[in-house]
Structures are given as structure tokens and as C-alpha cells.
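These are my notebook entries on a two-chain structure. I began with the contact between the chains and then turned to one chain by itself.

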Amino acid sequence: MRIVIIDDSGLRATVLEEGLREAGYDDIHIVPPRGAFVARLERMAPDVVLMDLGSPSRDTLEEMLTVSRALARPIAMFVDQSDEAMIGAAIDAGVSAYVVDGLRKERVKPVLELAVRRFNAFARIQAELEEARNALSDRKVIDRAKSILMAQRSLSEQEAYALLRSSAMNQGKKIVDVAQALITASDLLGGGL
Amino acid sequence: MTTNLRIAFLPLNDVAVLAAARERGFAEEEGLSLDLLRTTSWATLRDRLVYGQVQAAHMLAPLAVAVTLGLSQQPAALAAPYKLGVNGNMLVMAKDFAAALDPDPASRIADPLAAAHDFAAAIGLWRRKPVIGVVHRFSSHALMLRYWLASAGVDPDRDVVLRVLPPSLTVEALHAGEIDGFIAGEPWGSAAVEAGLAETVAVGERIWQRGVEKVLAFRENWLEENSETVDRLLRALARAAVWCDDPENHEALAQLLADPRYLDQPSDLIRRGLSGQIVARAGEAPIAHPDFMLFSREATPFPWRSQALWIYSQLVRWGMAEHSPENAAKAGGVFRPDVFRRALAGSDVPMPGASMKLEGAVASPLAVGSRKGDLTLGPDRFFDGRIFDPEQIDDYLAGFVQVR
């Protein structure tokens with residue numbers, strides 16, 4: 001079974017491809033949805049096409065599936081229209097699948113289930129990365145606020161942090177928000193730091 | 001008790017009524033909380049609606065007809081009781097291509113018939129078959145472009161390449177030289193003009209003076225089972241539409257739509273389409289098109305069955321749908337004036353007495369029969385003067401010269 005993954009994000013495609021290979025599928029191709037990707041896809045004659053539901057290129061792909069003469073049979077979205085739980089899970093995970101008409105659903109279902117699991121795993125990784133990135137920039141903001149306090153009120157680093165934390169607790173806010181407000185105020189007042 | 005509704009949309013100016021209903025309290029007044037879900041492709045918007053992930057969608061009217069006829073992936077009976085807008089599309093072409101047309105953009109736009117013939121001549125001069133971006137096979141834009149090109153003897157399936165791409169990618173594709181122009185809803189045409197990449201060649205309002213655009217689409221069975229909620233939503237939208245139509249509110253509306261949750265585009269570009277101040281070439285003064293886009297006046301939201309049938313006639317014309325009495329009935333049945341009437345019976349919205357009309361027959365503002373209030377229909381002519389009689393689809397189709 002030839003599987004083509006259309007994906008902009010190299011990482012998600014790799015995560016998916018690895019999973020498919022571990023499960024024993026070896027005819028897997030990754031195509032980014034740019035330029036003449038439609039022509040490439042036609043030459044590959046895939047049995048299954050997997051794509052991110054959020055990709056803006058889905059309309060382009062579907063148009064190609066409609067007009068293509070090279071792809072012998074029409075291709076349908078999802079595996080089994082009656083399997084609503086599966087469809088819901090796929091949409092939630094952001095997976096869209098196009099399957100050559102006539103391919104037995106027992107053969108396709110595991111592929112789709114795997115794609116759903118991997119897309120979900122990828123979304124988790126993304127969320128964690130995003131969180132880490134935010135934490136990093138939060139740290140920078142807090143550090144800058146601390147140095148303002150240290151310079152302007154002659155506090156030690158621990159004292160500056162303690163002051164930020166207690167203000168945050170008193171106001172029911174996050175430390176980073178208090179720190180940001182302090183930086184803004186300091187900038188407005190020409191604090192020079 | 002507040003009812004929560006999930007509605008999918010694409011980032012376009014004509015999501016205005018939904019956005020205003022949510023942001024300006026119209027939905028809240030009806031006890032509704034709207035969860036507006038931005039999507040990036042019509043395919044995904046369609047799937048979310050068909051598979052029940054959202055209750056309603058801001059949908060291309062021809063797509064709603066096509067899904068119901070089983071022409072776009074999983075067939076599903078859809079129902080459109082409310083039109084979210086009329087007009088608002090613009091065809092822009094790369095500056096080099098536009099150089100072969102009438103040099104004055106205003107006169108190009110004012111005379112679509114001459115512009116179509118100039119366009120036909122320009123095709124031969126271009127270095128390749130012009131590649132024109134359309135947002136979807138089943139879009140009002142594609143049907144309008146086909147209609148316009150064919151009037152000058154251009155076969156849209158042979159003489160040009162129609163490339164499907166989502167509105168948000170049009171400007172980038174033009175920049176990369178992948179397309180030579182595109183037809184889309186605003187603010188994307190204005191964005192391409194502003195970037196100095198393209199010029200306006202035609203506006204929808206001059207091709208069909210009152211062209212059907214987006215509808216609010218539901219799954220038919222959900223619509224039937226939730227009539228009370230549907231009615232509340234339609235009432236909220238009708239009030240939001242009045243607010244959106246008022247020129248005094250266009251600035252506020254443009255700023256609201258500029259928000260990253262909606263269009264994430266500059267508000268001054270968005271405002272051009274809303275207020276009909278169209279800049280056709282970068283740096284030039286805007287050209288006034290007061291009917292560029294309508295939300296409320298002239299009973300704009302009323303889903304005339306004849307308009308669904310006009311869409312059907314075009315799908316048949318281009319070989320996309322099979323012509324049969326069953327298909328015609330299904331297509332016409334997508335538009336639901338009965339639901340519109342039920343929902344807005346107690347309101348001050350002018351209510352047309354009929355559900356079908358001749359399309360393209362009104363040359364100047366016309367007072368018509370209305371159950372209540374004064375209703376004046378604006379001019380709705382097609383630029384070639386054809387009139388669509390929904391009872392005579394065969395004759396209408398026979399009247400087009402086959403370009404192939």
C-alpha cells in the first residue's frame with residue numbers, strides 16, 4: 001500500500017512516517033503542498049493520502065482529485081462513512097484522509113488510527129514546545145523586572161523576586177504579568193532600564 | 001439559559017454579520033453564545049459541518065448546493081435559511097496582464113462586456129495560458145468568472161487554467177508567479193492591489209448586480225430538530241446585518257474584523273470592501289461602488305429559491321451536475337425561505353411575499369409586494385442582460401452559445 005503524506009511541517013510528517021514504518025508500512029512518501037505538488041502526487045499514484053485537516057491546501061488537493069485523469073478512481077474522504085467515532089477522532093486530531101475507492105476498509109483503518117494517534121502525539125509535542133518557549137520568554141521578562149527593581153530600589157535579587165511574587169499574589173495575577181506591567185511603567189516613566 | 005453554538009468560517013469580509021452578532025451583543029440578546037471557529041479551507045469547513053463538529057457554517061452558496069447534490073465528498077442534505085451577504089468579489093490580474101486591457105480601471109469595471117472581450121484578446125498575448133486563482137470549484141466566484149469569460153467566447157476549461165486555492169494564499173501565489181490573477185472575496189483583492197502586484201479588472205457587483213455570496217448553512221436534520229435555536233440565531237443575525245450595513249459603523253466593523261481571531265488583516269484594507277471605496281490600482285484614488293457589498297437592505301438575507309436554482313443552472317451548464325427534475329428540486333430546496341419567514345415573522349424585517357423571482361429583471365429600484373414594511377429591490381441585472389426564469393431552466397440554458 002502506497003501512502004503519501006502531504007505536510008508543510010517536516011516534523012509532523014516525520015513523526016507520522018516513523019509510526020507507519022514501525023507498523024510495517026514501507027512505501028511512504030512525504031510531499032510538501034507547494035508548487036507543482038499535485039503533479040508529483042499524480043505520478044506517485046498513492047492508495048492513501050494523509051493530510052493535515054488544517055492545511056489551506058486541501059481545496060487545491062480536492063480539486064485535483066476531482067479533475068485528475070491520472071488517478072484512475074475517485075478518492076473519498078475517510079474510511080467508512082458509518083464509523084462516526086472514527087471520523088470524530090480524525091477531525092479532532094486534525095487528520096484528513098483520501099483513500100482510493102475500493103480499497104478494503106480493514107486495510108485502511110489501522111493506517112488512519114495510527115495517523116490519529118501520531119497527530120495527537122505531535123500536537124502534544126507542539127504544545128509542550130510552546131509551553132517551554134513561553135516559559136523561556138517569561139523568565140526573560142521577570143529577569144528584566146528584577147533588574148529594574150534592583151537598580152531603582154537597591155534590592156538584592158532575592159528581595160526583588162520576593163517583591164514581585166508578593167505583589168502578584170496580592171493582586172491575584174501571574175508574576176510574569178506583574179513583571180510586564182512594571183517594565184511598561186518603567187519604560188513610560190523613562191526609567192532607562 | 002444560554003445556548004452555545006459552534007459556527008465555522010473562513011477569514012473574509014462577509015463573515016461580518018456573524019462577527020458583529022457575537023461582538024456587538026446581538027447574539028447575547030437572543031440568549032446565544034457563538035463560538036466562531038476559523039478554518040483555512042472550504043474542504044475543512046464543509047467536513048466540520050457535514051460530520052457535525054459545528055452546527056452551522058459561513059458557506060459558499062454553490063458549495064451548499066453541491067454537497068446536497070453529492071458533488072463534493074460525503075453527500076449531506078444542507079439547508080440555508082439565511083444569506084450572509086450579497087456581492088463583494090473582485091477579479092484582479094497581474095499588472096503586466098492588465099496592461100493589455102483598457103488602461104483606465106474605472107472604465108474596465110464599468111463595462112464588463114468590453115472588459116471580457118479585451119480579456120479574451122489579452123489571453124493570446126500572454127506568455128502562457130493565464131492561470132486564474134479561484135477559491136473553489138463550487139464558489140460564486142468561479143461561476144461568475146466562467147459566466148463572464150464565456151460571454152466573450154472564452155472557454156474557461158480550455159482557454160485559461162482555473163487553479164483552486166484558498167483566499168488566504170492568493171496574494172502569496174501571485175507574488176510567486178504561480179497564478180496570473182485571481183477572483184476572491186475581500187480583503188484579498190485589495191491586498192494584492194495594495195502590494196502593487198495586481199490591478200482590479202472586474203468587480204462582482206458589475207457582473208451580477210445582486211450576486212449570491214455566502215449563506216449560513218446547517219445540516220437539514222439539525223435545522224429541523226432545533227427550530228427554536230435557529231430562529232433565535234436568525235433574529236440575532238438580522239439585527240447584526242442592519243448594524244453592518246450602516247456606513248456609520250463601517251470603521252468599527254473593519255476594526256473588529258481586523259482582529260487576529262477573524263481576518264488578521266489591516267483594517268483599512270477591510271474597510272475598502274465594506275464601504276465600497278475600491279482602489280483599483282495602487283496609489284490611485286478609490287472608485288465609489290456603493291453596492292459593492294450588502295448585508296441587510298433590500299431583504300439581502302432572504303434566501304430566494306430562484307437564486308439556488310440559478311446556481312444549479314450554472315452547475316449544469318458547466319457539466320458539474322446532471323440535469324434532472326430531482327436534482328433541480330434538491331438544489332432549489334437548499335434555500336429555505338420558509339425558515340426565514342418563521343424566524344423573522346415577529347420582527348420588522350421586510351418580508352417578500354414570494355419565494356422565487358426572475359433573476360436579473362430589475363433595472364432600477366423596484367417596490368415589491370411585501371407582507372410588512374416597505375420592500376424595495378435593488379437593480380439585479382446581469383451585465384449581459386440575460387434574465388433567469390426559474391420555471392424555464394431549459395430555455396435559459398439553451399440560450400447560452402456553447403463555447404465548446
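**Entry 1. The interface**

I looked up the area buried between chain A and chain B, and it comes to about 1700 Å², with 48% of it on carbon and sulfur atoms. On chain A's part of that area, A:Pro56, A:Asp59 and A:Ile91 supply 33% of what the chain buries against chain B, more than any other three residues. I noted that the model is a predicted one, and I read every value below as computed from it.

Next I looked up the residues taking part. On chain A, 23 residues are in contact with 21 residues of chain B.

**Entry 2. Polar and charged pairs**

How many salt bridges does the rule find across the interface of chain A and chain B? I recorded three. I looked up the pair B:Asp47 and A:Arg58, which form a salt bridge whose closest N and O atoms are 2.6 Å apart. For polar contacts across the interface of chain A and chain B, I recorded nine residue pairs, with both residues at pLDDT 80 or more.

I then asked which elements of chain A supply the side that touches chain B. I found that α3 (58–67), β4 (75–77) and α4 (84–93) of chain A each give at least two residues. The largest share comes from α3(A), with seven residues. By residue class, I recorded 10 nonpolar, eight polar and five charged residues on the side of chain A that touches chain B.

**Entry 3. B:Ser41**

I moved to chain B and looked up B:Ser41, which lies in the loop between β2 (32–38) and α3 (42–50) of chain B. Is B:Ser41 buried or exposed? I entered B:Ser41 as buried, because its relative accessibility is 0% and the cut-off for buried is under 20%.

I listed the contacts of B:Ser41, leaving out residues up to four places away in sequence: A:Ser55, A:Pro56, A:Arg58, A:Asp59 and B:Leu10. Two of the names in that list, A:Pro56 and A:Asp59, are also among the three residues that supply 33% of the area chain A buries against chain B. A:Arg58, also touched by B:Ser41, is the salt-bridge partner of B:Asp47.

I also looked up a separation within the chain. B:Ser41 and B:Val362 are 321 residues apart along the chain, and their C-alpha atoms are separated by 35 Å.

**Entry 4. Chain B as a whole**

I recorded 19 helices and 16 strands in chain B. Its C-alpha atoms fill a box of roughly 60 × 45 × 40 Å along the principal axes. I compared the radius of gyration of chain B, 20 Å, with the value near 22 Å for a compact globule of 404 residues, and the two agree. Of the 404 residues, 64% count as buried. Among contacts in chain B between residues at least 6 apart in sequence, 75% join residues at least 24 apart.

**Entry 5. Backbone details in chain B**

I looked up the peptide bond from B:Glu186 to B:Pro187 and found it cis, with omega near 10 degrees. B:Pro187 sits in the loop between β9 (181–185) and α10 (188–194) of chain B.

I noted positive phi values in residues other than glycine. For B:Asp264, phi is near 55 degrees, and the residue lies in the loop between α14 (250–258) and α15 (267–275) of chain B. I entered B:Asp264 as partly exposed because its relative accessibility is 45%. For B:Glu298, phi is about 60 degrees, and this residue is in the loop between β14 (293–294) and α16 (305–317) of chain B.

Terms used
Residues are numbered from 1 along each chain as its sequence is written. Chains are lettered from A and ligands numbered from 1 in the order in which they are written. This is a predicted model: local features need pLDDT of at least 70, side-chain atom pairs count only at pLDDT 80 or more; totals for chains, interfaces and linings use all residues. Side-chain values use heavy atoms; hydrogens and water are left out. Contact means heavy atoms within 4.5 Å. Buried area is the accessible area (1.4 Å probe) that two parts lose on being put together, summed over both. A salt bridge is a side-chain nitrogen of Lys or Arg within 4 Å of a carboxyl oxygen of Asp or Glu. A polar contact is a pair of N or O atoms within 3.5 Å; within protein, one must be able to donate a hydrogen and the other to accept it, and residues adjacent in sequence count only if both atoms are side-chain atoms. Helices (H or I, at least four residues) and strands (E, at least two) are DSSP runs, numbered from the N terminus. Ala, Val, Leu, Ile, Met, Phe, Trp, Tyr, Cys and Pro count as nonpolar, Asp, Glu, Lys and Arg as charged, and the others, Gly among them, as polar. The radius of gyration is taken over C-alpha atoms; the globule rule is 2.2 Å times the number of residues to the power 0.38. Buried means under 20% relative accessible area, exposed over 50%, partly exposed in between (1.4 Å probe, protein chains only).
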